[in-house]
Amino acid sequence: MLELRYRGSCPGPGEAVSPPPREGEAAGGDHETESTSDKETDIDDRYGDLDSRTDSDIPEIPASSDRTPEILKKALSGLSSRWKNWWIRGILTLTMISLFFLIISMGSFMLMLLVLGIQVKCFHEIITIGYRVYHSYDLPWFRTLSWYFLLCVNYFFYGETVADYFATFVQREEQLQFLIRYHRFISFALYLAGFCMFVLSLVKKHYRLQFYMFAWTHVTLLITVTQSHLVIQNLFEGMIWFLVPISSVICNDITAYLFGFFFGRTPLIKLSPKKTWEGFIGGFFSTVVFGFIAAYVLSKYQYFVCPVEYRSDVNSFVTECEPSELFQLQTYSLPPFLKAVLRQERVSLYPFQIHSIALSTFASLIGPFGGFFASGFKRAFKIKDFANTIPGHGGIMDRFDCQYLMATFVHVYITSFIRGPNPSKVLQQLLVLQPEQQLNIYKTLKTHLIEKGILQPALKV
């Protein structure tokens, strides 16, 4: 509960002592009684001043219940809590990895649904924390508006994806053409409706808290929806751009835990007392090696390296193409110090393996800071985990706090060093132009190609 500040309390150090009011006058010096506006200000001061709250003022959130299956509890009952947690984490990790492989075998569409489901669950966990922390205030429309904004933002981002990658399908449906043409206006109108609903829901005594929660919702949307959208964008570039970064983060999480569990002695950061330098360094080298090997294995298969495209003739996603040079074996000369170690001058590698070193390095050196950020967030609100969805691991957000940071890096990396202008997007824009505009572009392009010597000028008869 908020600590009420009594106006008649003793002044603190450095505060001026106000003279007592004269007889018949109010404390403010007026001869009349305190006005209504003064009373409202006093109420806002007493009930809405959250800036003066300290960590001890934050209400305790009830501890999550243990959802470990009874069969595991009985099987591990004779072990210490440290080893019991180790086995629970290990068994559940293997189970999740097995399910992940199963979903990969089902294709790109199922992976997209998985990303969407994880996004919604992460959003739910963070919003629930905000609701529990401030539950006593019973804010009007807070949860309803939070989910409404989630729907609006998803409509905007995934509508952009449909327009970019499903152009051939959209062109056949007139209703979809209308939605795509005015997509951004519709998205803005939907968001504006939620914004107006929020303003209308403002209640006296809760103004500041409601704006805190408004910001809480939008930051949560920024963390979850935008990052999951980038994950799907990476997936469309080829499943390998989805699998190698995600598996590198998973590998780093597992190996850092193992090295820290068996060899950890030196604390790494105060936000996470259990993290050690031994685990951090061991996880780094293990992740780089794993990423290099995984890149070599996956680069052999079109299923993983080809961009994901939607084929309207078969009404499904396809991953068939002629692999780019990035996924074709190239011969490289080794540096002198490696020649002495490997005893050979040249080596055959896929160029993507070199890029995988950058990806796995980020996953092991910078990626953990997403976990440290999440640890700081949980400490701020005195909770151990975001939820108790996965026994031994916590909530979904506890497992994917580093993945969101990784997704942003991969998207920036692709756009900066890998992908150039997209011819399909340019063609989509040309097809919606007026015939006169298309003809002018054709003449300009023809003239440019003739000047470059690519086309021969037409002979005049």
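Is Ser187 buried or exposed? In this predicted model, Ser187 has a relative accessible area of 7%, and because buried means under 20% relative accessible area, Ser187 counts as buried.

**Helix H8 and its buried side**

Ser187 has its place in helix H8, which is made up of residues 183-201. Leaving aside residues up to four places away in sequence, Ser187 touches Tyr155 and Phe156. The length of H8 can be checked by a simple calculation: at 1.5 Å a residue, its 19 residues should span 27 Å, and the end C-alpha atoms are indeed 27 Å apart, which agrees.

Ser187 is one of the buried residues of H8, which also include His183, Gly194, Phe198 and Ser201. These residues cover an arc of only 70° around the axis, so they are on the same side of H8. An α-helix has 3.6 residues a turn, so residues three or four places apart point the same way. On the face of H8 turned away from the buried side, the exposed residues Phe185 and Leu200 are found.

**Salt bridges**

Side chains of opposite charge can pair when their charged atoms come close. A search of the whole structure finds 3 salt bridges, and the table gives the distance for each pair.

| Pair | Closest N to O distance |
|---|---|
| Arg184 and Glu160 | 3.1 Å |
| Arg399 and Asp253 | 2.5 Å |
| Lys378 and Asp398 | 2.7 Å |

H8 takes part in a salt bridge through Arg184, whose partner is Glu160. Since Arg184 lies in H8 and Glu160 in helix H5 (residues 142-165), the pair ties together parts that are 24 residues apart in sequence. The two partners have their own surroundings: Arg184 is exposed, with a relative accessible area of 57%, whereas Glu160, at 19% relative accessibility, counts as buried.

Arg399 forms a salt bridge with Asp253. This pair links distant parts of the chain, with Arg399 in helix H16 (residues 396-418) and Asp253 in helix H10 (residues 239-263), 146 residues apart. Asp253 counts as partly exposed, at 35% relative accessibility.

What do the side chains of Lys378 and Asp398 form where they meet? They meet in a salt bridge, at 2.7 Å from N to O. Lys378 is in helix H15 (residues 368-380) and Asp398 in helix H16, so that this pair, too, links distant parts of the chain, 20 residues apart. Lys378 counts as buried at 11% relative accessibility, and Asp398 counts as buried at 5%.

Key: Residues numbered from 1 in each chain as written. Predicted model: local features only at pLDDT ≥ 70, side-chain atom pairs only at ≥ 80, totals over all residues. Heavy atoms only, no water. Helix = DSSP H or I, 4+ residues; strand = E, 2+ residues; numbered from the N terminus. Buried < 20%, exposed > 50% of the residue type's maximum accessible area, 1.4 Å probe, protein only. Contact = heavy atoms within 4.5 Å. Salt bridge = Lys/Arg side-chain N within 4 Å of Asp/Glu carboxyl O. Expected span 1.5 Å × (residues − 1). Arc of directions from axis to C-beta.
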